[in-house]
Amino acid sequence: MILVDLYDTASWFTLVIAVQVIVGSTYFLWMKKKGKRKYDPLCNGAPVEWKPLPLVEHDVVVEEPPVMGKIDENALNVGATSFLCLDKDEGIIENALKSLDKYGVGSCGPRGFYGTIDVHLELEERLAKFMQVEETIVYSYGFSTVASAIGAYARRGDIIFADENVWFAIQKGIDASRSTVRYFKHNDMDHLEEQLSAATKRKELNPRRRAFLIAEAVYFNTGEICPLPRLVQLARKYKLRIILDESLSIGVLGKHGRGLTEHLNVPRDEIDLIVGSLEHSLASIGGFCAGTHFIIEHQRLGGLGYCFSASLPPMLTQAAINALDVIENQPDILTELEENAKKLNKALSTLKYFTFRGDELSPIKHIYLKKEDLTDRLKHSYLRNISNYCLERGVAFAVAAYLRDVEHNCPEPSIRIAASRKLNDVNISLLCKLLDEAYEKVGPRPDLQPL
Ligand SMILES: *[C@@H]1O[C@H](CO)[C@@H](O)[C@H](O)[C@H]1NC(C)=O
Ligand SMILES: *[C@@H]1O[C@H](CO)[C@@H](O)[C@H](O)[C@H]1NC(C)=O
């Protein structure tokens with residue numbers, strides 16, 4: 001009995017499937033035929049013009065047209081972060097062009113897939129020697145360096161403590177890691193300690209959970225320097241790994257330009273991972289991470305920006321190598337930069353209509369409108385008009401750009417000024433005079449009602 005029943009069920013099942021297959025394939029063939037008749041323009045005589053639908057429904061208004069290309073050669077450029085002015089160095093340009101002749105433009109592949117060229121290995125070796133670490137790894141884009149580096153170590157379930165003013169790439173790295181994140185007040189080590197001890201009490205920090213501390217040596221968004229010794233002390237006490245972004249301090253701070261660790265005499269091996277950039281002082285493109293072999297090697301398979309991006313074009317790699325040569329052979333240029341960073345602070349403090357922020361030694365300063373009762377959008381618009389006014393008169397500034405709805409703790413609108421080695425007293429007083437003049441011409445009128 002049971003056998004017959006089973007047999008019956010099975011055959012019913014087969015029948016249903018067979019019917020489905022026949023109906024399905026007939027329908028498919030019929031649709032195909034119908035489709036051919038109606039829609040195939042190439043088979044039916046005259047080709048029909050193809051009109052793609054727009055990707056975006058409305059016209060996109062570009063609020064921030066880029067100023068690049070508008071700046072003429074003789075303008076005073078205090079927007080670019082090439083602090084040591086190595087982007088104009090004849091020797092570096094010449095060598096980069098030679099490298100272009102030898103290798104061509106692109107490297108045609110990621111480092112792990114036929115994209116490694118001798119200059120990449122040379123640059124990594126030179127950077128390791130310069131930073132006095134075991135090993136470095138070079139990425140082909142500054143933004144993705146720190147964003148990839150964070151994701152290479154921090155995972156879901158880990159916990160990250162980060163300064164509330166870290167720049168956007170770090171925020172994206174933290175997002176991508178999917179770790180729990182706690183932001184502490186900008187450069188406020190007491191607040192960090194409060195958070196750490198609270199997290200310990202709540203058992204959020206425990207020996208089984210990996211914990212990270214992320215900070216910038218010089219903050220891109222505020223121009224302020226991080227209190228590194230205290231940070232290291234807290235990290236050791238609570239057993240956190242430190243990731244320090246030294247993008248704006250390498251080639252700037254320290255006797256040899258090795259960054260904040262050198263400047264404050266913090267042993268390099270106290271910092272688990274140092275992230276650097278080739279895009280500021282070193283006047284090229286890309287970034288790098290520095291640390292022990294054990295830590296860096298992990299990124300060669302775990303750093304997404306390293307594994308899946310074409311490697312740095314050889315000529316830009318060569319440019320970075322030669323920039324290192326210049327910094328090593330002429331450490332005086334670091335002193336020149338430092339002098340100018342200090343002079344800028346002195347001059348900016350005399351501005352009538354603006355306040356500013358930025359450490360004396362920091363090459364980055366932010367200038368804010370003194371007038372407080374305006375919306376951020378309006379402030380931004382005024383700063384934009386002020387910088388346009390100055391650009392027409394030969395001084396180029398950068399209005400800091402943020403993704404207002406996406407950034408964590410979006411900073412107040414500001415003009416970002418970068419100190420550079422070639423500024424002189426005349427240039428500095430000119431830029432201050434112009435700023436106040438621009439405010440009087442296109443800035444908010446004193447009688448303006450707050451919105
Ligand atoms: C900066 O100062 C130097 C020396 O005084 C001068 O030659 C140069 O034109 C100045 N740059 C600008 C843009 O004013
Ligand atoms: C900035 O300049 C533009 C063009 O002249 C003007 O339309 C706009 O109102 C100005 N912004 C402010 C806040 O005054």
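Two ligand sites and one exposed glutamate

In this predicted model, Leu378, Ser381, Tyr382 and Asn385 surround ligand 2. By class, this shell holds two nonpolar and two polar residues, with no charged residue. Two polar side chains of the shell make short approaches to the ligand. In Ser381, a side-chain N or O atom is 2.9 Å from a nitrogen atom of ligand 2. In Asn385, a side-chain N or O atom is 2.3 Å from an oxygen atom of ligand 2. On its own, ligand 2 exposes 360 Å², of which the protein buries 40%.

Ligand 1 has another set of neighbours: Asn74, Leu76, Asn424, Val426, Asn427 and Leu430. Helix α14, residues 425–442, supplies the largest share of this shell, with three residues. The shell divides into three nonpolar and three polar residues, and again none is charged. Two asparagines reach oxygen atoms of the ligand. A polar side-chain atom of Asn424 lies 2.8 Å from an oxygen atom of ligand 1, and an N or O atom in the side chain of Asn427 is 2.4 Å from an oxygen atom of ligand 1. Of the 360 Å² of accessible area that ligand 1 has on its own, the protein covers 49%.

The remaining residue to consider is Glu392, which belongs to helix α13, residues 376–392. Glu392 counts as exposed because its relative accessible area is 64%, and the cut-off for exposed is over 50%. In sequence, Glu392 is 317 residues from Ala75, yet the two C-alpha atoms are 9.3 Å apart in space.

How values were computed. Residues are numbered from 1 along each chain as its sequence is written. Chains are lettered from A and ligands numbered from 1 in the order in which they are written. This is a predicted model: local features need pLDDT of at least 70, side-chain atom pairs count only at pLDDT 80 or more; totals for chains, interfaces and linings use all residues. Side-chain values use heavy atoms; hydrogens and water are left out. Helices (H or I, at least four residues) and strands (E, at least two) are DSSP runs, numbered from the N terminus. Buried means under 20% relative accessible area, exposed over 50%, partly exposed in between (1.4 Å probe, protein chains only). A residue is near a molecule or strand if one of its heavy atoms lies within 4 Å of it. A polar contact is a pair of N or O atoms within 3.5 Å; within protein, one must be able to donate a hydrogen and the other to accept it, and residues adjacent in sequence count only if both atoms are side-chain atoms. Accessible areas come from the Shrake-Rupley method with a 1.4 Å probe; for residues, only the protein chains shown count as cover. Ala, Val, Leu, Ile, Met, Phe, Trp, Tyr, Cys and Pro count as nonpolar, Asp, Glu, Lys and Arg as charged, and the others, Gly among them, as polar.
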